[in-house]
Amino acid sequence: MEASAFEVVLEDEAATRRFGEDLAMAVRPGDVLALQGDLGAGKSTLARALIRALADDAALEVPSPTFTLVQSYETRFSVHHFDLYRLGAEDELDELGFEEAIAEGVALVEWPEHAGSRLPGTALSVELVHEGEGRCARISGSGEALARVGRSLAMRAFLASAGWGNAQRRHLTGDASARSYETVRLEGEPKRILMNSPPLVMGPPVRDGKPYAEIAHTSKTISAFVAIDRALREAGICAPEIYAQDLDNGFLLIEHLGSTGVLDDARNPIRERYLAAAELLADMHGRQWPSRIEAAPGVIHEVPPFDREAMLIEVDLLVDWYVPAVTGQPADDSLRARYRQEWNDALDRIDGFEPTLMQRDYHSPNLIWRAERSGHGRLGVIDFQDALIGPTAYDLASLAMDARATVPREVEQATVDAYLAARRAAGPFDEAAFLEAYALMAAQRNSKILGIFVRLHRRDGKPGYLKHLPRIRDYLRRALAHPALASLRAFYEEQGFLEEREL
């Protein structure tokens with residue numbers, strides 16, 4: 001049965017501030033928190049802590065809105081703090097921009113009963129009451145917002161079980177999935193990362209009764225991260241140490257490898273770091289990797305194969321999402337059949353080519369530069385939970401044609417050359433076969449990404465990904481220039497897939 005209320009004991013003011021942080025990590029634009037409680041119950045302390053956590057500014061001035069009725073803040077998203085005690089009538093909310101504030105950001109509302117019918121039915125009630133020497137917070141409501149609060153409170157409990165219950169929490173990043181990451185700090189300790197990876201919600205069947213995630217072998221639980229992390233660390237690769245784990249709920253407390261990446265301040269690739277990343281890949285591709293890895297006693301993760309089914313369901317995203325977006329109509333059966341045939345013919349060329357542990361997203365967002373280290377230790381790797389057993393060429397294509405940064409052709413070539421040189425130095429190596437596989441895996445990956453970025457915009461309301469489309473089309477042109485892909489290139493050109501399009 002879905003919870004409709006939570007209760008949190010707040011022993012002192014510090015606990016109230018931590019509760020404010022917990023709420024800050026849970027709220028999203030559109031949420032309304034109705035703050036209730038007697039004078040001195042801690043509403044101001046709670047609101048101040050929540051706003052400061054969202055702003056990541058412990059010294060931010062957060063005055064009471066008693067006289068102004070509303071104070072607004074630009075943090076990760078807009079936050080509007082209302083005090084409606086002096087409100088004379090509901091229609092005065094129009095002058096305060098109440099409905100606009102609720103639509104665009106998070107609203108904290110003290111004396112919410114004065115909003116009357118204007119208070120959304122989806123608002124969460126946060127009531128602070130005195131209990132003995134301390135306080136108690138009671139959170140009630142329904143829906144997805146309450147579920148987020150419940151998960152955030154569970155994350156605090158997880159931190160407490162690891163001895164980090166008093167840690168300060170700050171949002172670090174989210175990605176295109178349901179995963180999110182926070183920076184946690186505890187006095188006297190190096191900062192760590194709190195990883196929140198809820199069990200994967202499988203979508204509807206899309207082919208042969210199977211959902212997309214099952215066919216593409218997307219990791220279902222956090223156990224995959226733990227297992228791959230263990231394999232990488234045992235091989236001497238710089239992956240985060242795991243200090244505490246809750247596999248059932250999907251929480252990890254892990255090492256913070258650093259905040260320096262492989263791009264400069266203008267988000268351009270730093271040549272030296274890309275070459276180092278290519279050389280690390282070459283080293284990894286000279287190793288044998290297990291396909292069964294223990295994540296915890298009795299919990300075995302089987303690394304899936306990057307099989308034909310997975311490759312094809314990924315490239316189908318182009319016709320499922322990109323084609324309708326640029327043409328205004330769904331891809332018809334004839335186009336789909338020709339597209340599938342072209343891809344099957346192309347993939348036949350590398351069937352069974354050099355299988356290895358394929359990290360799948362080996363690119364700038366997931367590479368940490370550690371300048372104080374030497375050799376391969378200069379690079380830390382993260383976000384590898386979706387790793388598969390697949391072609392060696394895939395991860396190099398992910399790096400050298402980085403979806404999140406424009407890699408100039410010269411830097412791409414230098415990155416590939418660094419990899420090839422390292423492979424040649426390690427022993428016999430079929431360079432021509434590798435380069436063909438590299439071009440094909442680059443074409444496969446970038447075709448998938450065209451579809452994914454449109455899907456993130458249209459289905460998930462994340463238009464920011466559209467800015468990457470011109471880069472992805474350019475990468476596709478580069479990949480399809482390989483002579484072995486002449487037929488696939490001709491098909492893409494005929495269909496206009498490589499043309500610059502506005503969405």
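**Notebook: strand pairs, one sheet and a helix pair**

I began with a single strand position and found that Ala 244 stands opposite Leu 253 in β14. I keep in mind throughout that this is a predicted model. Looking at the strands around that position, I noted that β13 (residues 242-246) and β14 (residues 251-255) run antiparallel and are joined by 4 bridges. The two strands form a hairpin with 4 residues between them, and in the turn I found Gly 250 with a positive phi of about 90 degrees.

Next I traced an open sheet of 7 strands, whose order I wrote down as β1-β7-β6-β2-β5-β4-β3, with mixed pairing. Its edge strands are β1 (5-10) and β3 (70-74), each of which pairs on one side only. Neighbouring strands of this sheet are turned against each other by 15 degrees on average, direction ignored.

Within this sheet I looked up β2 (residues 32-37) and β6 (residues 124-131), which run parallel and are joined by 5 bridges; Ala 34 has Ser 125 in β6 as its bridge partner. I then saw that helix α2 (residues 43-55) lies across β2, β3, β4 (78-83), β5 (106-110) and β6, and that it runs at about 150 degrees to β2.

Last, I turned to helix α13 (residues 431-458) and helix α14 (residues 469-480), which pack with their axes 8 Å apart at an angle of about 160 degrees. Angles over 145 degrees count as roughly antiparallel, and the two helices are therefore roughly antiparallel to each other. The crossing of α13 past α14 is left-handed. Among the residues that meet are Phe 453 and Leu 450 in α13, and Tyr 475 and Arg 473 in α14; by class, I recorded 13 nonpolar, 2 polar and 1 charged residues in this contact.

Methods:
Residues numbered from 1 in each chain as written. Predicted model: local features only at pLDDT ≥ 70, side-chain atom pairs only at ≥ 80, totals over all residues. Heavy atoms only, no water. Pairing = 2+ DSSP bridges. Axes fitted to C-alpha atoms, helices over the stretch in contact; angles between N-to-C directions. Contact = heavy atoms within 4.5 Å. Parallel < 35°, antiparallel > 145°, perpendicular 65-115°, else oblique. Left-handed = near helix turned anticlockwise from the far one by under 90°. Nonpolar A, V, L, I, M, F, W, Y, C, P; charged D, E, K, R; others polar.
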